Amino acid sequence: MQPFRVVNSVVTPLDRANVDTDQIIPKQFLKRIERTGYGEFLFFDWRREPEFFVNQPRYQGSQILVAAKNFGCGSSREHAAWALFDYGFRCVIAPTFADIFHSNAGKNGILLVTLPEKDVDHLLGQASHHEGYRLTVSLENETIHDDHGFEAKFSIDPFRRYCLLEGLDDIGLTLRHAAALDAFETQHNEKFWLTPRA
Amino acid sequence: MSKPKTLFEKVWEQHLVAEPANEPTLLYIDLHLVHEVTSPQAFDGLRLAGRKLRRPDRTVATVDHNVPTTPNRLIIEDAIAAKQIDTLRKNCQEFGVELYDIQSPNQGIVHVIGPELGLTKPGMTIVCGDSHTSTHGAFGALAFGIGTSEVEHVMATQCLQQSKPKTFRISVEGELPSGVTAKDIVLGIIGRIGNDGATGHVVEYAGSAIRALSMEGRMTICNMSIEAGARAGMIAPDETTFAYLKDRGFSPEGKAWDNAVAEWRQLQTDPGATFDRELLIKAEELTPFVTWGTNPGMVVPITGHVPGPTESHSEAERRSFNQALTYMALKPGTAIEDIAIDRVFIGSCTNSRIEDLRAAAKVVTGYHVYSHVRAMVVPGSHHVKTQAEQEGLDKIFIEAGFEWREPGCSMCLGMNPDILQPGERCASTSNRNFEGRQGRGGRTHLVSPEMAAAAAVTGHFTDIRQWEYKGEEVLA
């Protein structure tokens with residue numbers, strides 16, 4: 001996974017609450033067996049609207065998306081994280097995120113930043129009203145700032161931060177505990193009632 | 001005496017592989033359910049890294065999301081869907097995973113077949129690359145949906161990195177009024193706490209109204225836990241659970257069964273155990289519910305009206321309201337019973353089990369589907385379909401004008417050809433009313449199987465509590 005340290009980019013506003021993963025990547029694109037190439041289908045139904053951000057030159061190349069609460073709710077499809085990443089987003093800022101999406105984003109090098117609603121509203125306003133509005137997101141310092149005096153601290157689970165900073169593969173990390181896993185599995189297997197095969 | 005524990009804590013503690021400092025807990029996974037949509041990239045990841053699938057014997061696969069539900073479905077016209085299904089076949093063969101393929105008698109929606117085959121058992125940890133894995137919590141298992149990276153992680157290690165969720169007990173006490181179902185309990189809960197009301201929590205459903213439910217009803221409730229944002233939903237196992245599991249294919253037998261039941265009886269929340277949150281719902285106050293908007297928290301009683309934004313809503317909430325009203329083409333103040341429908345879908349991992357089909361068949365017996373309505377029943381599995389046919393339910397549906405289809409996820413998410421056309425309005429027993437979920441521009445209203453069946457007959461939402469049943473003796 002691609003490490004995340006600092007991103008400085010134009011900010012894309014998406015002023016909607018409860019953006020579900022069905023909207024981020026509709027079901028017809030889940031039939032593919034690849035992990036890449038989903039960016040062109042990001043927000044497939046909403047991008048039909050001419051005003052939608054993907055159709056506005058001012059947001060091209062943006063790596064930071066700001067949205068309202070409960071972003072990523074619904075289906076567990078990791079395709080939502082793949083589509084955001086493939087489109088170019090490295091960071092999503094919102095007041096709250098749904099749990100499964102939160103986990104999926106972290107495993108794909110996307111930083112999710114939780115900020116209070118009033119800060120998010122401020123950023124949504126700035127990004128909508130000021131063309132070329134940029135933010136700098138530093139995972140190393142756990143800060144966000146613009147060039148006009150806005151600055152906020154955020155916090156993220158230390159382990160998730162470490163993995164994002166280093167771009168670490170979860171499976172490799174888990175396999176450091178292979179001995180504990182073998183030992184656990186040996187005694188756990190004896191509990192016949194947990195073994196699926198009768 | 002040891003500290004009193006919740007059901008969740010007991011299952012969690014029995015699966016701790018390691019608790020490294022400053023890292024998430026490693027949780028052992030007993031059962032990994034796999035389907036065609038969220039697995040190909042995970043299998044590919046194993047291959048790329050030269051890793052094996054650690055426990056094929058704890059992994060079971062089926063095809064459900066993409067499969068057509070028409071009789072001649074062995075030939076799949078959608079080439080991309082066909083390739084995805086074929087990829088699952090090849091992967092299962094290469095990695096030694098049992099696959100219940102299209103023609104297998106065990107095929108069906110992954111959350112229907114797990115319980116009906118006896119794979120799902122109390123006290124287990126169960127995962128699947130599908131958010132409705134919460135369904136299996138109805139048996140006192142800790143079951144939750146995961147993304148594809150985690151699917152690969154479980155394949156490689158049989159465990160997951162997990163942070164410990166918070167706990168939330170929702171007690172539903174009292175007797176459910178007639179016509180009010182498990183679906184209405186869970187819609188009522190989501191309406192009350194909101195579609196993100198349980199984010200970060202594992203919910204335990206308790207109380208006399210939950211205890212009185214069948215396993216099918218309990219599965220409906222746990223299934224929709226994710227629609228309130230919960231990590232998982234659980235219900236403590238009891239005699240109803242044991243009676244359901246007895247003699248299922250993968251259930252233990254003889255002395256092993258007795259030992260298992262003795263263990264399962266321990267899986268109760270201890271008196272005095274505490275939860276991070278608690279909520280009490282009075283069953284008597286519940287009604288049949290209908291969603292009006294574009295998330296499952298946007299729900300009102302059948303006797304209610306389409307709500308509008310009010311002074312008490314924030315500006316953001318007002319915007320969400322208006323977006324939902326526009327998408328759904330509804331005006332505030334419209335009586336729910338005055339909303340006409342075009343389609344009816346009875347199916348999905350929420351409501352496609354035998355009891356759901358019986359309940360819907362009972363409503364439509366002696367009636368016919370309304371003239372312009374197209375209605376379909378999609379059983380959750382081959383076993384459900386066979387049993388329904390043995391009971392004559394298929395004939396009741398067909399005589400009433402319903403389509404009787406082959407098992408799969410079907411129009412719950414419309415990955416196969418079963419979709420709504422733009423602008424069509426559907427009474428659906430599924431779990432999500434998101435924009436475009438059942439087809440681009442389609443408008444979904446979530447209801448119980450009984451309410452969906454009644455709407456099919458009258459052509460609009462209808463209070464099932466006033467229904468005149470014609471065929472009780474047929475289905476005695």
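**Strand 2 of chain A and its surroundings**

Biologist: In strand 2 (residues 64-67) of chain A, which residues are buried on the two faces?

Modeller: In this predicted model, local features need pLDDT of at least 70, side-chain atom pairs count only at pLDDT 80 or more, and totals for chains, interfaces and linings use all residues. Residues are numbered from 1 along each chain as its sequence is written, while chains are lettered from A and ligands numbered from 1 in the order in which they are written. A residue is buried if 20 or more other C-beta atoms, placed from the backbone, lie within 10 Å of its own. Both faces of the strand, a DSSP run of E with at least two residues, are covered, by Ile64(A) and Val66(A) on one side and Leu65(A) and Ala67(A) on the other.

Biologist: Which residue stands opposite Leu65(A)?

Modeller: Strands pair if DSSP finds at least two bridges between them. Strand 1 (residues 6-14) of chain A pairs with strand 2 of chain A in the parallel sense over 4 bridges. Opposite Leu65(A) stands Thr12(A).

Biologist: What is the bridge partner of Ile64(A) in strand 3 of chain A?

Modeller: Strand 3 (residues 91-94) of chain A and strand 2 of chain A pair in the parallel sense over 3 bridges. In strand 3 of chain A, the partner of Ile64(A) is Cys91(A).

Biologist: How many residues of chain B are in contact with chain A?

Modeller: Contact requires C-beta atoms, placed from the backbone, within 7 Å. On the side of chain A, 46 residues take part, and the residues of chain B in contact with them number 68.

Definitions and conventions:
A residue is buried if 20 or more other C-beta atoms lie within 10 Å of its own, exposed if 12 or fewer, and partly exposed in between; C-beta atoms are placed from the backbone. Two residues are in contact if their C-beta atoms, placed from the backbone, lie within 7 Å.
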